[in-house]
Amino acid sequence: MLVCKGLVNDADMTGWKIGLGLYWLGHHISNDGGVRPDWLATKPKMWSVFWMNSGNSNINSLNIETKLSLLMRSVYSAINWKLARWPYQKSIAEELDGVQVHMVSILQRLPRLEGEDGVSWSRRSLRLARNSCSTIGLWSEAWARRAIDWHDHIMRRPSILKDLFMCQNSDWLQARRSLFV
């Protein structure tokens, strides 16, 4: 049984196993509503999809635009459906962008300059990859845009979801969070 974190329950729980999370329909759902367990399970799957598609050595001869296009069609689409459920979080967004930049730096296959040490080469490679990611669009920005678009959609006309948003707004959420801090 999954009980929300912080919920005081006086019922007799004999015979029930209380869990911290569960796996349901492809999502790791935790008792605190966080997405960290789902993100930690998703990251290795993203790398698996990357190495099977964009990072595959059979496509080394393709140009970088084609490789980036394949990256967006394979890896991004593999995580995009998860982003629909996840509330936007800055820390996970930064990690998501880090994964994207790392993948793009691998695809760019930037050669070392003569006399360049490993640290300088790595910094240069990641900087150029970050520039490429900014050009094609950071995945965290798409995630944030999706959350904003959904909120705008809900607020457009009267609905039960709009009433819920108005009742349990950011002030309500902050008051609930302060109980556990």
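Helix axes that meet at an angle under 35 degrees count as roughly parallel. In this predicted model, the axes of α1 and α3 cross at roughly 10° and come within 12 Å, so these two helices are roughly parallel to each other. From α1, the residues that make the contact are Arg36, Trp39, Lys43, Met46, Trp47, Phe50 and Trp51. Facing them from α3 are Ser91, Ile92, Glu95, Leu96, Val99, His102, Met103, Ile106 and Leu107. Sorted by type, the residues of this contact come out as eleven nonpolar, two polar and three charged.

Helix α3, which covers residues 90–108, also packs against α5, residues 139–155. Here the angle is about 140° and the axes lie 8 Å apart. Angles over 145 degrees would count as roughly antiparallel, and with about 140° between them, α3 is therefore oblique to α5. On the α3 side, the contact involves Ile92, Ala93, Leu96, Asp97, Gln100 and Met103, while α5 brings in Trp139, Ser140 and Trp143. Six of the residues in this contact are nonpolar, two are polar and one is charged. Some α3 residues turn up in both pairings: Ile92, Leu96 and Met103 meet α5 and also take part in the contact with α1.

What about α2, the helix made of residues 64–83? Its axis comes within 11 Å of that of α5, and the two cross at roughly 40°, which makes α2 oblique to α5 as well. The crossing is right-handed. Leu71, Met72, Val75, Tyr76, Asn80 and Leu83 of α2 make this contact with Trp139, Ala142, Trp143 and Arg146 of α5. The tally is eight nonpolar residues, one polar and one charged. Trp139 and Trp143 of α5 thus touch α2 and meet α3 too.

Tyr76 has another role in the shape of α2, as the helix bends by about 45° at this residue. Tyr76 is also among the buried residues of α2, along with Lys67, Leu68, Leu70, Leu71, Ser74, Val75, Ile79, Lys82 and Leu83. And what do these buried residues pack against? Their partners are the strand β2 (27–30) and the helices α1 (36–52), α3, α4 (118–136) and α5.

Past the end of α3, the chain runs into a loop between α3 and α4, and that is where Arg109 is found. Most residues other than glycine have a negative phi. Arg109 is not a glycine, yet has a positive phi of about 45°. With a relative accessible area of 55%, Arg109 is exposed, because the cut-off for that label is over 50%.

Is the arginine at position 124, in helix α4, buried or exposed? Arg124 is buried, at a relative accessible area of 14%. Leaving aside residues up to four places away in sequence, Arg124 touches Leu110, Pro111, Arg112, Leu113 and Glu116.

Further along the chain, Ala175 sits in helix α7, residues 170–178. Its relative accessibility is 41%, so Ala175 counts as partly exposed. The C-alpha atom of Ala175 is 45 Å from that of Leu107, and the two residues are 68 places apart along the chain. Leu107 is one of the α3 residues in the contact with α1.

Technical notes
Residues are numbered from 1 along each chain as its sequence is written. This is a predicted model: local features need pLDDT of at least 70, side-chain atom pairs count only at pLDDT 80 or more; totals for chains, interfaces and linings use all residues. Side-chain values use heavy atoms; hydrogens and water are left out. Axes are lines fitted to C-alpha atoms, for helices over the stretch in contact, and angles run from 0 to 180 degrees between N-to-C directions. Helices (H or I, at least four residues) and strands (E, at least two) are DSSP runs, numbered from the N terminus. Angles under 35 degrees count as roughly parallel, over 145 as roughly antiparallel, 65 to 115 as roughly perpendicular and the rest as oblique. Contact means heavy atoms within 4.5 Å. Ala, Val, Leu, Ile, Met, Phe, Trp, Tyr, Cys and Pro count as nonpolar, Asp, Glu, Lys and Arg as charged, and the others, Gly among them, as polar. A crossing is left-handed if the near helix is turned anticlockwise from the far one by less than a right angle, and right-handed if clockwise. The bend at a residue is the angle between axes fitted to the seven residues ending there and the seven starting there. Buried means under 20% relative accessible area, exposed over 50%, partly exposed in between (1.4 Å probe, protein chains only).
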